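Please look through the sequence and the model that follow, and keep both at hand while reading. The paragraphs below move from individual side chains to the interior of the fold.

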Amino acid sequence: MSKLGLTVLALLTLAIIGCEKEIHNIPPDNGQPLQERLLEYLNQCEIEGFSGSVLIQLSDSILIQQGYGKSNRAENIENSINTIFDIGSVTKQFTASAILKLEMDELIDLSNSIGTHVSGLTNEKSALTIHQLLTHTSGLQESVGGDEEQISKNDFIVRVNQTNLKHTPGEKYRYSNIGYSLLGILIEEVSSMTYENYVRENLFLPAGMSNTGYIIPNWDNENLALGYRKKRGYGSPIDQNWNEEGPSWHMKGNGGILTNVNDMYLWHKALLDNTIINEEAKEMMYSKHTNEGDNTSFYGYGWAIFPTNRGTDLITHNGGNDYFFADFLRFINEDVVIIILSNDYNVYAQELSSQLRRIIFE
């Protein structure tokens with residue numbers, strides 16, 4: 001199974017690659033309230049194939065908080081605001097926040113090498129800095145195995161050691177799931193907790209997110225969305241060769257967290273309110289550390305940043321696999337949030353946020 005993450009230039013341009021049909025046209029603005037236009041558009045997208053949950057906030061008011069399509073086609077279960085989805089590489093912002101939390105607690109320094117905290121790496125890999133891993137400037141390749149292949153922490157490190165760096169560390173941006181898994185291992189080594197226990201105790205529970213994690217939440221099977229692509233079913237994420245600690249290190253720390261739109265909105269609010277990390281840490285997280293050279297797309301720590309034509313910034317990340325897709329867009333300066341979680345990887349899941357943005361801002 002392939003995994004989608006952000007490349008700074010490509011994925012968040014929200015272009016459609018290999019899709020068989022165009023997304024439904026945006027309804028004309030006939031003077032009706034914005035909420036009505038959004039609902040009309042989403043209802044039509046559901047008719048034409050969108051399946052998932054959507055939350056849209058504007059000016060501190062939630063305009064849309066609704067499920068669309070089926071979470072389980074065989075059982076005829078509808079998606080709702082409580083439905084749990086795999087959010088793929090949106091997970092990276094949790095790992096980045098956990099790293100910043102460790103720095104706030106003076107347990108690490110972002111300029112430290114990964115080898116300061118993680119043993120077993122070759123000299124070349126050991127010298128990579130935490131900052132380089134956070135910003136995808138380490139030179140590591142994207143992955144060393146498939147999401148569903150079980151691999152231990154030690155074997156994962158061995159396999160990483162066998163790879164060659166794609167460029168000089170710090171030289172340029174190159175998206176790497178490996179880097180964020182190494183950061184997950186660092187979190188375990190420094191905290192003496194499992195990755196999931198650390199992010200749950202230090203991020204999720206303080207934010208009020210009781211329905212986010214890999215395996216610790218007591219999942220209600222009826223709330224777990226099953227993944228689909230066309231007529232092909234994937235099943236539940238937790239049924240995909242996970243072990244007693246969840247997914248393997250090919251995914252842990254870089255992807256695969258399960259959650260719903262309600263918890264993701266609580267996460268947004270917790271970041272705004274400095275519940276998790278302070279202003280200094282957030283400034284580092286949202287900084288435009290690296291770009292593709294055109295000054296239109298940047299990467300911070302676990303977030304991509306896109307300047308808008310309104311003089312503001314879009315702080316965002318998407319992710320998924322062949323069956324699930326997630327998009328999380330935060331226009332912090334304009335008080336707009338769009339959260340889309342989908343269990344059917346199709347044109348509507350990929351392009352929906354782009355169309356919703358046009359309805360809101362154009």
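Is Lys 288 buried, partly exposed or exposed? The model is a predicted one, and in it Lys 288 has a relative accessibility of 38%, so this residue counts as partly exposed. Its side chain takes part in a salt bridge with Asp 313, in which the closest N and O atoms are 3.3 Å apart. The pair connects distant parts of the chain, since Lys 288 belongs to the loop between H9 and strand S10 (290-291), while Asp 313 belongs to strand S13 (residues 313-321), 25 residues apart. Asp 313 is likewise assigned to the partly exposed class, because its relative accessibility is 22%, and a residue counts as buried when that value is under 20%.

A second salt bridge joins Arg 310 to Glu 334, with 2.6 Å between the closest N and O atoms. Here too the partners come from distant parts of the chain, 24 residues apart: Arg 310 is in the loop between S12 and S13, and Glu 334 is in the loop between S14 and S15. Arg 310 is partly exposed, with a relative accessible area of 34%, and Glu 334 is also partly exposed, with a relative accessible area of 21%.

Both Arg 310 and Asp 313 reappear around Phe 331, a residue of strand S14 (residues 325-331). Once neighbours within four places in sequence are left aside, Phe 331 is in contact with Thr 308, Arg 310, Asp 313, Leu 314, Val 336, Ile 338, Arg 357 and Phe 361. Phe 331 is itself buried, with a relative accessible area of 1%, whereas its contact partners Arg 310 and Asp 313 are partly exposed. Thr 316 lies 15 residues from Phe 331 along the chain, and the C-alpha atoms of these two residues are separated by 8.5 Å.

In the salt bridge between Glu 362 and Arg 358, the N to O distance is 3.7 Å. Glu 362 counts as exposed, at 68% relative accessibility, while Arg 358 is partly exposed, with a relative accessible area of 38%. Elsewhere, Lys 153, Glu 188 and Glu 189 are joined into one network by salt bridges that share partners. The salt bridges come to a count of twelve, among them the pairs just described.

The aromatic pairs also come to a count of twelve. One of them is formed by Tyr 286 and Trp 303, whose arrangement is edge-to-face, at 6.3 Å centre to centre and with 75 degrees between the planes. Tyr 286 lies in helix H9 (residues 279-286) and Trp 303 in the loop between strand S11 (298-299) and strand S12 (304-307), so this contact of rings ties together parts that are 17 residues apart in sequence. Both partners are buried, Tyr 286 with a relative accessible area of 17% and Trp 303 with a relative accessible area of 0%.

Phe 325 and Tyr 345 provide another edge-to-face pair, because their ring centres are 5.8 Å apart and their planes stand at 70 degrees. This pair again links distant parts of the chain, 20 residues apart, with Phe 325 in strand S14 and Tyr 345 in the loop between strand S15 (336-342) and helix H10 (347-361). Phe 325 counts as buried at 4% relative accessibility, as does Tyr 345 at 12%.

Rings are also met by charged side chains in this model. Arg 73 lies over the face of Tyr 228, at 3.9 Å from the ring centre, and the charged end of Lys 92 sits over the ring of Tyr 180, 5.8 Å from its centre.

Which residues have the most contacts inside the largest nonpolar core? That core has 100 residues, and those with the most contacts inside it are Val 54, Phe 94, Leu 182, Trp 267 and Leu 356. Helix H6 (residues 177-191) supplies the largest share of the core, seven residues. Phe 94 and Trp 267 also belong, together with Phe 204, to one aromatic cluster. Leaving aside neighbours within four places in sequence, Val 54 is in contact with several residues, including Leu 42, Ile 64, Tyr 68, Val 261, Ile 339, Leu 352 and Leu 356. In soluble globular proteins, nonpolar side chains tend to be buried together.

Terms used
Residues are numbered from 1 along each chain as its sequence is written. This is a predicted model: local features need pLDDT of at least 70, side-chain atom pairs count only at pLDDT 80 or more; totals for chains, interfaces and linings use all residues. Side-chain values use heavy atoms; hydrogens and water are left out. Helices (H or I, at least four residues) and strands (E, at least two) are DSSP runs, numbered from the N terminus. Buried means under 20% relative accessible area, exposed over 50%, partly exposed in between (1.4 Å probe, protein chains only). Contact means heavy atoms within 4.5 Å. Rings of Phe, Tyr and Trp (its six-membered ring) pair if their centres lie within 6.5 Å; planes under 30 degrees apart count as stacked, over 60 as edge-to-face and the rest as tilted. A charge sits over a ring if NZ of Lys or CZ of Arg is within 6 Å of the ring centre and within 35 degrees of the ring normal. A salt bridge is a side-chain nitrogen of Lys or Arg within 4 Å of a carboxyl oxygen of Asp or Glu. A nonpolar core is a set of buried Ala, Val, Leu, Ile, Met, Phe, Trp, Tyr and Cys residues joined through side-chain atoms within 4.5 Å.
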